[in-house]
Structures are given as C-alpha cells and as structure tokens.
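Work through the two exercises below, which concern the pockets of one protein model, and compare each step with the coordinates shown.

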Amino acid sequence: MNTFGSDKIKDEGILVARFLLVLLFLIFGWEKLTNYSGTVAYMQQVGAPMPPISTLVAIFMEFFVSLAIIVGIFTRPLAVLLAVYTLGTALIGHHYWTMTGMAHFEGEINFYKNISIIGGCFLLYVTGAGKYSLDAKLGL
C-alpha cells in the first residue's frame with residue numbers, strides 16, 4: 001500500500017492534528033474561563049440546561065480537555081469524551097432545524113462543523129496520541 005510518504009511523518013502529523021483538532025475548543029474554553037458570568041448568560045440564552053453547571057462543563061471540556069489532548073495524556077478516552085460533548089453542543093447549541101433565515105444557515109454550518117470535529121475525535125481515538133505525547137512516555 002502506498003502511503004505517499006505519510007509513514008515518514010506519522011507522529012509529527014498526529015501531533016499537529018491533535019493541536020489543530022482542539023484549537024477551537026482551547027480558544028473558546030479560555031474565553032469561557034475568563035468570562036464565567038458572560039458564559040452563564042449565553043448558556044441561558046441558548047437554552048442550555050442548568051446554565052451555571054453547563055458553563056463549568058464547557059470550561060472543563062473545552063479548555064482543560066483540550067490541553068490534555070495537546071500534551072497527549074489519556075488521549076483515547078478524552079477523544080471519545082470530546083466527541084460526545086461535541087455532539088451534545090451540536091444538538092443543544094446548533095439546532096438549525098428550529099431556525100429560519102440566516103440563523104438557520106449559520107446554525108446548520110455550525111452543526112455540521114461539530115459533526116466533522118467528531119470525525120476527527122474518532123480518528124484520534126483510533127490512532128492514539130503518537131510518539132510525541134505523555135501517553136507514549138508513560139506507556140498508556
């Protein structure tokens with residue numbers, strides 16, 4: 001099977017992919033962490049259940065889980081957890097099927113971006129964190 005040279009940079013590619021996959025979560029997780037009250041208000045606005053708890057879950061998942069994936073610790077289980085979280089945020093925050101006009105269009109784009117991210121999480125689950133990770137150093 002021809003790998004087109006990918007086997008030569010597999011671990012470097014996985015490292016870059018880990019970072020790029022969670023970059024969005026890391027940025028918005030930091031914003032949520034540094035603006036807790038604003039995030040609670042946003043959670044109320046979008047109809048998230050128990051907005052203060054939803055905010056804490058979002059901060060943990062988006063910021064702290066992203067950091068863990070970047071450094072490659074407990075990568076496989078966290079990739080699955082992030083996939084489940086991402087599906088939940090798609091269903092709660094991007095329910096485009098209830099919207100009209102431009103909101104429908106924007107919601108649909110964001111919903112399917114989340115679905116694509118879930119695909120990346122499953123790939124990370126299958127490949128693992130690669131050589132440049134704490135998982136590799138710890139034999140996980």
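In what follows, Ala, Val, Leu, Ile, Met, Phe, Trp, Tyr, Cys and Pro count as nonpolar, Asp, Glu, Lys and Arg as charged, and the others, Gly among them, as polar. The model is predicted, with local features needing pLDDT of at least 70 and side-chain atom pairs pLDDT 80 or more, while totals for chains, interfaces and linings use all residues. Residues are numbered from 1 along each chain as its sequence is written, and side-chain values use heavy atoms, without hydrogens and water.

**Exercise 1.** Describe the largest pocket and its lining.

Step 1. The volume of the largest pocket (the space filled by probe spheres set on its grid points, which are joined across faces, edges and corners) is about 810 Å³.

Step 2. Its lining has 27 residues, and those closest to the pocket centre are Lys32, Glu62, Tyr85, Thr89 and His94.

Step 3. Two or more lining residues come from each of α1 (10–34), α2 (36–46), α3 (51–71), α4 (75–93) and α5 (101–127), and α4 gives the most, with six residues.

Step 4. By class, the lining of the largest pocket divides into 13 nonpolar, ten polar and four charged residues.

**Exercise 2.** Describe the second largest pocket in the same manner.

Step 1. The second largest pocket has a volume of about 160 Å³.

Step 2. Gly13, Ile14, Ala17, Arg18, Leu21, Gly120, Leu123, Leu124 and Thr127 line the second largest pocket.

Step 3. Both α1 and α5 supply at least two of these residues, and the largest share, five residues, belongs to α1.

Step 4. The lining of the second largest pocket comprises five nonpolar, three polar and one charged.

Technical notes
On a 1 Å grid over the protein atoms alone, a cavity is a set of points where a 1.4 Å probe fits but cannot get out, and a pocket is an open set with protein on both sides within 12 Å along at least five of seven lines; lining residues have an atom within 4 Å of a point. Helices (H or I, at least four residues) and strands (E, at least two) are DSSP runs, numbered from the N terminus.
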